[in-house]
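Welcome! Please take a look at the sequence and the model below, then try the exercises that follow.

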Amino acid sequence: MARRAMSAGNPLPAMACYHCQQCAEKYLKGFLVSRSIAFRPVHDLLYLLQQCSALQPAFEELAPIVVILGRYGAGVRYPVQGFEEPDVEAANEAIKSAETVSAFVTQNMQL
């Protein structure tokens, strides 16, 4: 969905960033579910990453990515003080970041 939001004749970077946050959230939650780990029903990527890192410390390397993507969960949907609307460059970075999370979790699901 993020790629679609950017490929339209009129790119929608905020929408793309939101879907990237959602992608990372679902992958982190999927990892926890695959390990039968209970977690609070939140959208907080840092919290989810901490839960994953408790099982596999290698997840900590995703922290910088998760911090950036985490801003897009609420920031693009609700008025958040100090939030700047993402531009095309930010959206393209968010897509790469979501792909990184996806690949990392997929690789670590097999360990």
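A residue is called buried under 20% relative accessible area, exposed over 50%, and partly exposed in between (1.4 Å probe, protein chains only). This is a predicted model, where local features need pLDDT of at least 70 and side-chain atom pairs count only at pLDDT 80 or more, while totals for chains, interfaces and linings use all residues. Residues are numbered from 1 along each chain as its sequence is written, and side-chain values use heavy atoms, with hydrogens and water left out.

**Exercise 1. Describe the surroundings of valine 88.**

Step 1: Place the residue. Valine 88 lies in helix H5; helices here are DSSP runs (H or I, at least four residues), numbered from the N terminus, and strands would be E runs of at least two.

Step 2: Classify its exposure. Valine 88 has a relative accessible area of 39%, so valine 88 is partly exposed.

Step 3: List its contacts, meaning heavy atoms within 4.5 Å. Leaving aside residues up to four places away in sequence, valine 88 touches Met6, Pro11 and Pro13.

Step 4: Check a distance. Between the C-alpha atoms of valine 88 and leucine 45 there are 22 Å, and the two residues are 43 apart along the chain.

**Exercise 2. Find out how many disulfides the structure holds, and look at cysteine 17 and cysteine 20.**

Step 1: Recall the bond. A disulfide is a covalent bond between the sulfur atoms of two cysteines. The cut-off used here is a pair of cysteine sulfur atoms within 2.5 Å.

Step 2: Count. The structure holds 0 disulfides. Cysteine 17 is in none, and its nearest cysteine sulfur belongs to cysteine 20, 6.1 Å away.

Step 3: Explain. Cysteine 20 is not bonded to cysteine 17 because 6.1 Å between their sulfurs is too far.

Step 4: Add exposure. Cysteine 17 is buried at 0% relative accessible area, and cysteine 20 is buried at 2%.

**Exercise 3. Work through the salt bridges.**

Step 1: Start from the idea. Side chains of opposite charge can pair when their charged atoms come close. The test is a side-chain nitrogen of Lys or Arg within 4 Å of a carboxyl oxygen of Asp or Glu.

Step 2: Count. There are 4 salt bridges in the structure.

Step 3: Take arginine 3 and glutamate 99, whose closest N and O atoms are 2.4 Å apart in a salt bridge. Arginine 3 is in helix H1 (residues 2-7) and glutamate 99 in helix H5 (residues 88-109), so this pair ties together parts 96 residues apart in sequence. Arginine 3 is exposed at 54%, whereas glutamate 99 is partly exposed at 36%.

Step 4: Turn to helix H5 again. Lysine 96 pairs with glutamate 93, with 3.8 Å between the closest N and O atoms, and they sit 3 residues apart, about one turn of the helix.

Step 5: Move to helix H2 (residues 13-34), where glutamate 25 and lysine 29 are 4 residues apart. Their closest N and O atoms are 2.8 Å apart in a salt bridge, and both residues are buried. A network of salt bridges links Glu25, Lys26 and Lys29.

**Exercise 4. Describe how H2 packs against H3.**

Step 1: Choose the quantities. Two packed helices are described by the angle between their axes and the distance between the axes. Each axis is a line fitted to C-alpha atoms, for helices over the stretch in contact, and angles run from 0 to 180 degrees between N-to-C directions.

Step 2: Read the values. H2 and helix H3 (residues 45-55) pack at about 30°, their axes 10 Å apart.

Step 3: Name the arrangement. Angles under 35 degrees count as roughly parallel, over 145 as roughly antiparallel, 65 to 115 as roughly perpendicular and the rest as oblique. H2 and H3 are therefore roughly parallel to each other.

Step 4: Find the meeting residues. Those of H2 include Glu25 and Lys29, and those of H3 include Leu45 and Cys52.
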